[in-house]
Amino acid sequence: MGLWNWFSRTGPSGFGQNSTAEEVTEGIDASHLTAIVTGSTSGIGKETARVLALRGAKVIIPARSLESGIKVKESLLEQNPDAKLQVMEMDVSSLESVRSFAQSFNSSNKHLNILINNAGIMACPFQLSKDGIELQFATNHLGHFLLTNLLLEKIKATAKETGIQGRIVNVSSVAHRRSDSSWFDLNVINDESKYKPFNAYSRSKLANILHSNELSRCLKEKGSNVTANSLHPGVIMTNISRSLDLNSVVMSLATLVKPFLKSIPQGAATTCYVALSPQIKDVSGKYFADCNEASPSKEGEDEVLGKRLWEFCQQILKKSKAEK
C-alpha cells in the first residue's frame, strides 16, 4: 500500500483520516437537538459549531467575552443565515465562570442533548488559574469536569423527556499516551520547578479520557440514556498550538509533514461523528480517532485510575467552593 493510500484509507465506519465534518454528518437531521460546544470561537471548535448548525442543531457558543462570541456568531451567520446560534459568556479555566454559565443555561434553556468539551490550551508556560490551579489542567480538564457535572441533570432530563439519547463528548489527544498516573496531587500539578509544558498537556488529555470512561460507567449504572466518549481529533495546526516554542529545526520538520496534517474540517470530523452519527447509538465509554473506535493507552483504560481522578477532582472543587 502506498503512503498516500495508507493515509486515505477508511475504517469500519466508512470514514477515516481524510473525512471532513460535513462528510461524516451528511444526511443527518439535527434540527431537534441543542448542543453546547466549548472552545467554539476558533479552530476545530468553530468548525464543529458550524457543521452542527448546518445540520439544524441549536448551538450554544460559550465565549470568554460576549464581544468575541458575537463576532464568531456573525461570521457563522454569513455562511448560514438560518443557523440557530446563542452566545453565552464563560471562561472554562475559571470555576466561578463555569458555575455562572451553567446556572444561566439551566434556567434559560429547556433542553440539552449534546455537550462537547472541546476548549483547550497546549503546552503554555507555567501559569495558575484564578483558582490557583495549573492552567492547562484547569482549562483542559477541571473546568469541563465541573461543567459536565452541573449540566448532567439537564442532559439526563432531556433524554428522558424526548427519548433522544444524550451525548457527552470529550476532545482528548493522542498526547495522552505520554502521561503516567503519578500526578494525582495538586502539589505536584502546581509545582513550577518540575513543570514541563507538554507533560502537563498530556496529563490533562489523559484526564479527559478517564473522565469519559468513569462518567460512562456511572451513567450505565444509573440506567441513564446518555453516553460519554472521548476522541483524538488528529494533528492540526490551530490556535491551540500558539504557545509552543518551535525552533527552526522543528518548523522545518513541520513543513515536511504538513501534507499529512489534518485540515480544520478534517480535524472536526471525529467530534461531529461522535456527536451526531447514528452508527454509535448506545456506544459509550469508548475512545475514537479518525471517526472509528480506537484503543487509548493502558492508563486510559484503567478503571481504578478513573475513580481516583474523579475523587481527586471532587476534592479540588469542594475545597474551591468552601474558600468562596
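**Exercise 1.** Find the residues in contact with Thr 270, leaving aside its neighbours within four places in sequence.

*Solution.* Contact means heavy atoms within 4.5 Å. By this rule, and with those neighbours left aside, Thr 270 is in contact with Leu 231, His 232, Lys 262, Phe 288, Ala 289, Asp 290 and Cys 291.

The model is predicted: local features need pLDDT of at least 70, side-chain atom pairs count only at pLDDT 80 or more, and totals for chains, interfaces and linings use all residues. Residues are numbered from 1 along each chain as its sequence is written, and side-chain values use heavy atoms, without hydrogens and water.

**Exercise 2.** Place Thr 270 in its helix and decide whether Thr 270 is buried or exposed.

*Solution.* Helices (H or I, at least four residues) and strands (E, at least two) are DSSP runs, numbered from the N terminus. Thr 270 lies in helix α11, residues 269–276. Buried means under 20% relative accessible area, exposed over 50%, and partly exposed in between (1.4 Å probe, protein chains only). Thr 270 has a relative accessible area of 0%, so Thr 270 is buried.

**Exercise 3.** Describe the two sides of strand β5.

*Solution.* Strand β5 spans residues 166–171, and 6 of its 6 residues are buried. Gly 166, Ile 168 and Asn 170 point one way; Arg 167, Val 169 and Val 171 point the other way.

**Exercise 4.** Work out how β5 pairs with β4 and with β6.

*Solution.* Two strands pair if DSSP finds at least two bridges between them. Strand β4 (residues 114–117) pairs with β5 in the parallel sense over 4 bridges, and Ile 116 stands opposite Val 169. Strand β6 (residues 226–232) runs parallel to β5, joined by 6 bridges; Val 226 is the bridge partner of Gly 166.
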